[in-house]
Amino acid sequence: MKLWSVFVHSDMNKILRPLELQASYQSWWNYKLGKKRKSGGRSKGSSGKSGTVQCSRCGRIVPADKAKKYTKRVSAVEPQLARELRQQGTYIQTKRVTSYYCVSCAVHAGRVQIRQASERRTVPGRRSRN
Ligand SMILES: [Zn+2]
């Protein structure tokens with residue numbers, strides 16, 4: 001039965017995990033298997049919770065320090081018309097549009113490239129995966 005197995009699994013976790021690592025599944029994962037990234041893919045450092053933003057591509061809720069932020073200027077006027085107007089000395093106001101991408105969307109959209117293991121930034125002398 002599914003419900004029972006879930007119950008047993010969560011109960012076993014409580015026995016196996018030290019008390020300070022019962023906070024989240026991620027901390028248990030890091031304790032057992034080691035971290036992939038020291039920062040966990042985030043830029044929050046030692047500060048606590050950060051706010052959440054919504055991915056503007058898929059709508060996923062992402063931590064603000066993990067999301068990729070892109071800002072671009074958008075004009076309401078068409079570019080061809082804007083060029084003509086600019087030649088006549090018109091100032092065309094543009095709107096600044098900020099969009100947040102979750103990591104998988106940023107990778108899919110080509111905003112962020114995946115680096116090979118040899119090209120990844122590493123600190124000399126530090127062991128990887130920790
Ligand atoms: Zn997304």
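**Close-up views of a predicted model**

**View 1. The largest nonpolar core brings together 7 residues.** In this predicted model, the members are Val53, Val62, Ala67, Tyr100, Tyr101, Cys102 and Cys105. Val62 is a good place to start looking: leaving aside residues up to four places away in sequence, Val62 touches Thr52, Val53, Cys55, Ala67, Tyr100 and Cys102.

**View 2. Helix α3 lies largely in the open.** This helix covers residues 79–87, and of its 9 residues the number buried is 0, which is why α3 is described in this way. Just past the helix, have a look at the backbone of Gly89: α3 is followed by this glycine, and its phi is positive, near 90°.

**View 3. Val77 sits in the loop between β3 and α3.** Strand β3 spans 68–75. Val77 has 15 C-beta neighbours inside 10 Å, so it counts as partly exposed. Apart from residues up to four places away in sequence, the contacts of Val77 are Ala82, Leu85 and Ile92. Gln93 is worth finding here too: 16 residues separate Val77 and Gln93 along the chain, and their C-alpha atoms are 9.1 Å apart.

**View 4. Confidence is highest in strand β1 and lowest in helix α1.** Strand β1 (residues 52–54) has a mean pLDDT of 95, whereas helix α1 (residues 2–16) has a mean of 53. For the protein, the average pLDDT is 80, and 73% of the residues score at least 70. Please keep these values in mind when you explore the views above.

Notes:
Residues numbered from 1 in each chain as written. Predicted model: local features only at pLDDT ≥ 70, side-chain atom pairs only at ≥ 80, totals over all residues. Core = buried A, V, L, I, M, F, W, Y, C linked by C-beta atoms within 7 Å. Buried ≥ 20, exposed ≤ 12 C-beta atoms within 10 Å, placed from the backbone. Contact = placed C-beta atoms within 7 Å. Helix = DSSP H or I, 4+ residues; strand = E, 2+ residues; numbered from the N terminus. pLDDT = per-residue confidence, 0-100.
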